Amino acid sequence: MQITDHVFSTHILEDQSTFGAMHPGGTQIYFVGDASEEMVMIDSGEPYRAWTRQILDYHEELGRPRITSILITHGHGDHIGGLDRLQETFDCPVRCHPRLAPRLQHTLGGNSVQPLRASETIPTGGGCTLRPLFTPGHEVDHCCYFLRPDRVLFSGDNLLGNSSSSVRDLRAYMRSLERMGATRPSVVCPGHGNTIIRGEARIQQQIAHRQGREDQVLIAVSEGASTVDEIVSAVYPRNLRRNLRDAAARNVRTHLAKLKQENRIVEREATYTPAP
Ligand SMILES: [Zn+2]
């Protein structure tokens with residue numbers, strides 16, 4: 001599927017009855033550049049043979065452009081699976097966040113992995129370049145890529161098409177969202193789910209949503225809720241299903257960790273109260 005002048009994607013739809021539930025809206029693997037000449041590929045999907053086959057078939061369908069590098073958004077298994085075979089087939093460098101580079105280097109051997117530098121631009125073919133943005137949050141080694149001529153932001157798992165991202169470090173994540181928003185993308189191409197048109201608005205929405213939740217958590221704490229469970233009860237609807245309640249508790253914990261880092265609450269024996 002062609003998304004903009006220089007962006008193409010193969011959308012891998014998953015069997016929802018098995019692992020698919022992990023990736024609402026499926027997974028997208030992107031090819032960026034000029035299909036008649038050379039391109040870069042973004043991420044390599046799950047390590048299933050059927051996925052790697054689909055990626056190679058799509059490369060064939062594009063007319064077998066020369067792939068000059070494989071760019072990785074982060075080191076989770078659903079983004080670096082199949083990398084071994086794809087890197088061998090395309091015989092190109094793999095580029096990734098410096099924190100991920102040693103692990104991938106160990107997996108692939110040789111000199112095939114080159115860590116990204118913050119200020120560099122990566123030629124993609126078609127006279128375009130991609131700029132990497134170090135954007136920790138979903139994961140510490142997370143990286144987005146911005147294609148200026150098409151105003152497309154490849155958001156990895158920091159912003160998803162059909163669901164909300166799981167966040168490991170919320171403080172870093174909020175800063176990353178600001179950085180992503182500053183590129184003022186027209187389209188956001190996520191690692192999973194549908195392409196996001198009105199990309200900039202979606203990023204601002206996400207910032208406002210997380211900020212709103214943080215305000216609610218702070219209010220709950222200032223009104224006396226002092227355990228994760230009490231905060232969940234104060235902030236979320238009462239009759240949440242068990243699995244949703246667990247997800248809500250995880251989310252509240254990421255908010256509390258951020259507020260603690262910012263010295264806005266203090267933790268005493270696993271209870272939370274407003275900072276003096
Ligand atoms: Zn993912």
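**View 1. The largest pocket of the predicted model encloses about 850 Å³ of space.** The structure shown here and in the following views is a predicted model. A total of 28 residues line the largest pocket. Ser164, Ser165, Ser166, Val167 and Arg250 are the lining residues that lie nearest the pocket centre. Sorted by class, the lining comprises 12 polar, 10 nonpolar and 6 charged residues.

**View 2. Two domains contribute to the lining of the largest pocket.** Domain 1 (2–197) and domain 2 (208–274) each provide at least three lining residues. Among the secondary-structure elements, helix 6 (199–222) and helix 8 (242–261) each supply at least two residues of this lining. Helix 8 gives the most, with 7 residues.

**View 3. Strand 4 (residues 38–42) is mostly covered, with 5 of its 5 residues buried.** Glu38, Val40 and Ile42 are on one side of strand 4, while Met39 and Met41 are on the other. The residues named on both sides are all buried, and both faces of the strand are thus covered.

**View 4. Strand 4 pairs with strand 3 and with strand 5.** Strand 3 (residues 27–33) runs antiparallel to strand 4, and 4 bridges join the two. Within this pair, Tyr30 has Ile42 of strand 4 as its bridge partner. Strand 3 and strand 4 form a hairpin, with 4 residues between them. The pairing of strand 4 with strand 5 (residues 66–71) is parallel and extends over 5 bridges. Here the bridge partner of Val40 is Ser69, in strand 5. Helix 1 (residues 49–61), together with strand 4 and strand 5, makes a right-handed β-α-β unit.

**View 5. An open sheet of 6 strands has mixed pairing and the strand order 8-9-10-11-12-13.** Strand 8 (122–125) and strand 13 (196–197) are the edge strands of this sheet, each pairing on one side only. At the strand 13 edge, 2 bridges join that strand to strand 12 (residues 187–190), and the two strands run antiparallel. Val187 has Ile197 of strand 13 as its bridge partner.

**View 6. Strand 11 (residues 152–156) is mostly covered, with 5 of its 5 residues buried.** One side of strand 11 carries Val152, Phe154 and Gly156, and the other carries Leu153 and Ser155. These residues are all buried, and both faces of strand 11 are covered.

**View 7. Strand 10 (residues 143–147) and strand 11 form an antiparallel pair over 3 bridges.** The bridge partner of Leu147 is Val152, in strand 11. The two strands form a hairpin with 4 residues between them. In this hairpin, Arg151 takes a positive phi near 50°.

**View 8. Strand 11 and strand 12 run parallel and are joined by 4 bridges.** Phe154, which is among the buried residues of strand 11, has Cys189 of strand 12 as its bridge partner. Helix 5 (residues 170–182) completes the arrangement: strand 11, helix 5 and strand 12 make a right-handed β-α-β unit.

How values were computed
Residues numbered from 1 in each chain as written. Predicted model: local features only at pLDDT ≥ 70, side-chain atom pairs only at ≥ 80, totals over all residues. Heavy atoms only, no water. 1 Å grid on protein atoms, 1.4 Å probe; cavity = no way out; pocket = protein on both sides within 12 Å on 5 of 7 lines; lining within 4 Å. Points joined across faces, edges and corners; volume = space filled by probe spheres on them. Nonpolar A, V, L, I, M, F, W, Y, C, P; charged D, E, K, R; others polar. Domains from an automatic or database assignment. Buried < 20%, exposed > 50% of the residue type's maximum accessible area, 1.4 Å probe, protein only. Pairing = 2+ DSSP bridges. Right-handed = clockwise from strand over helix to strand, strands pointing away.
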